[in-house]
Amino acid sequence: MACGNKLIAPKLHAGQELCAELIHKVYKSKALYVRPLQSLETQSNDSSCEEENPEENQPSLTAQANESFPSGSAQQSSSTVSVYVADDDLLPSTSSNNNNYNNYLSVLATLSDVSSEDEELQTAMLASLQSERATECTAPPVKEILHELATKITDHTKSKFNISRSNVLDGALRGFKRGSYQPQNGIMVRFSDDLGFTEEAVDLGGPKREFLRLLIQALSTSSMFEGEEGKKNLTIDSIAMREDRYFFAGRAIAVSLIHGGPPACFVSPTLFSCLVHGPDRGQPVLEDIVDVELRDKIKRIADSETMDELRAATLPLEDYLASAGCLRPLRRLEDKTLLVKDLLMFQVIHRVRGPFERFRDGLRTLGLLDKIQAHPESFRPVLCWVPSTLDSDVLDNLFIIRRSAKATNRWNAEDAVIPFWRDYLCDAEAEGTEKLASILIFATGASRIPPLGFAPQPSIEFLHSDMQSGSPSQLPMANTCINCLKLPLHTSYNTFKTSMDFALGNTHGFGLI
C-alpha cells in the first residue's frame, strides 16, 4: 500500500486481511501534505486584525468530506482530511534524503487521531513504516554484527570435539550434546584418520576452521535438507526428529558464523524468508518441490485453461489433496490459483513445521536469529547461495608476503618465486573457483573467506635451506593454525606448478603432506 512516495508491506496481526474497510480506517484521518509551487507570504494591512485573528496566519485548513459507501459496506461515516502546507524539510521527499522521510514519519505519528479501537492497526502500520525506513538505510556489514556476537565467546573454557573426517556430522552431534558443552566456550578439535589414530595437532584455529567447513558441507548433504545445491529446504527425517538433529543443525550454523567458520550458503530463499518473517508469510515456488512427479502434477493444475482440464489434473492427486487438507469443490477456473498456493504451502512449509521450529530454535544460539531478523539483507549472502567472489586478485591481496632482508641471497631467491606464485593463482582461476578454494583450504583450512575474516591474516613465507639437511624442501607446506603458506624456491615455473599441484591433490589435514 502507498505511504508518501513509497510502497510498503503492512505488518498485520495474524488473522487480519488487508481489505477496503481496513484501508479506510488507516487513511480516513491521515494528513495530506501540499507542496506549494512558490513560497507563501502572509500580507496584511491591518496589524490589529492579525492580533485578533492569529489563526488566519496558520498554513493549515480542515475540510469535511462525506464519503458514501455501497449498501453492502460496513459503515457510512464522514472523514476529516487535514491539509498541511509544510516546509520542504517536513515533507516526504522524492529524493533519497532519509532525514526528510524521518521527519515525515514523526509528523505522521503525531497527527494520528484514530479511535482507540483501531490502535492496534495503527501500531502495525507505523511499525511497517519504521521497518521500511530501516531497510532503506544502509545495512550494517555482517562482519560488524558477528564481531558483536563473538564478544560473548570466552577462550578460557574449551568445548572439545573428537572428529573423524569420515563422519564429521556424527562427531559434531556428540560434542553438541555433551553436558559440559556451552556455545560461548571456545572450540578445541582433535581429528583422527580413518584408522582411528589421533593426529598430532594442537588447535590454534586451523583444525577448528577445517572442522566447521566439513560440518557445513555435511549438513548441506544430510537427509535433513532437500533441493538443488545452494537452494535447500527442510525435509522430514524421522531419525533426525527423534534425535533432535534439526535443532543441532541450526546451532551448527550459528556456531560456525560466530566462531569464525564459513557461511552456510545453501539455504533456499523460501526457507530464509520463513526464518525472517515467519512460516505463515512464506511464499514457496514450484521449484521448491523436489519430487519431480508431484511437481509436474501441480504444474498441470496451474497450467489448466478450462474446468475440464482442472478437474482432470486434480483427479490423480485426490489422496494427496485430502492429506494436505485441500480436497474441496472447484467451481471456477480461478480456484486453481488458491489451490496451487495451498499445495505449495503444505508441501514446502506446513509439512515440515515441526523440524522448522527446532531448526529456528537452534539458530537462536548466541542471539544469531534476532540479528538475522533485524538485518536480513546483511545475512542473506551468508545463508543463501551467492556466486563465489574468490579470484586470483582476492587471494593475492589476502596473503601478506613476508620477505627476507634486502640485498641478500634469500631476497633474490624469493624475488624469483613471487611471480611464479601470482602466475599460479592466475592459472588456478582459469581452471575454476574450486582450484582457488583448494589453495585456500591448504593454507587456512577454510574454502571461503569467513564472514568474520581470518585471524591472524594469512601470510606467505619461503622454504629456504634447512639448517640440518642443508637442502630446501621441494614441496609447499602450510600451518593452518597461523594461516601461513610456505612456498618452495624453484627456478622454473613448471617445476613450481608441478609441486603445488601435487601438494594440493595429496594433502589431507592441516596442510601437511
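Here's a quick briefing on confidence, one helix pair and one long-ish stretch of helix, α19. The model is predicted, and its pLDDT averages 81 over the chain, with 69% of the residues scoring at least 70.

**Confidence**
- Residues 43-96 stay under a pLDDT of 50, and the model gives them 68 contacts beyond four places in sequence.
- Another stretch, residues 194-202, also has pLDDT below 50, with 16 contacts in the model beyond near neighbours in sequence.

**Where α5 meets α17**
- Helix α5 (residues 142-150) packs against helix α17 (residues 376-383) at an angle of about 90°, and their axes sit 9 Å apart.
- That angle falls within 65 to 115 degrees, so α5 and α17 count as roughly perpendicular to each other.
- On the α5 side the contact uses Val142, Ile145 and Leu146, while α17 brings in Ser378, Phe379 and Val382.
- Sorted by class, this contact has five nonpolar residues, one polar and no charged ones.

**Helix α19 and what surrounds it**
- Helix α19 covers residues 409-431, 23 residues in total, and runs 34 Å from first C-alpha to last, close to the expected 33 Å.
- Its buried residues are Trp411, Glu414, Val417, Ile418, Phe420, Trp421, Tyr424, Leu425 and Ala428.
- In an α-helix there are 3.6 residues a turn, so residues three or four places apart point the same way.
- The cover over the buried residues of α19 includes the helices α18 (392-398), α20 (433-444) and α21 (493-505), along with the strands β10 (400-401), β11 (459-463) and β13 (484-488).
- Right after α19 comes Gly432, with a positive phi of about 130°.

Methods: Residues numbered from 1 in each chain as written. Predicted model: local features only at pLDDT ≥ 70, side-chain atom pairs only at ≥ 80, totals over all residues. Heavy atoms only, no water. Axes fitted to C-alpha atoms, helices over the stretch in contact; angles between N-to-C directions. Helix = DSSP H or I, 4+ residues; strand = E, 2+ residues; numbered from the N terminus. Parallel < 35°, antiparallel > 145°, perpendicular 65-115°, else oblique. Contact = heavy atoms within 4.5 Å. Nonpolar A, V, L, I, M, F, W, Y, C, P; charged D, E, K, R; others polar. pLDDT = per-residue confidence, 0-100. Expected span 1.5 Å × (residues − 1). Buried < 20%, exposed > 50% of the residue type's maximum accessible area, 1.4 Å probe, protein only.
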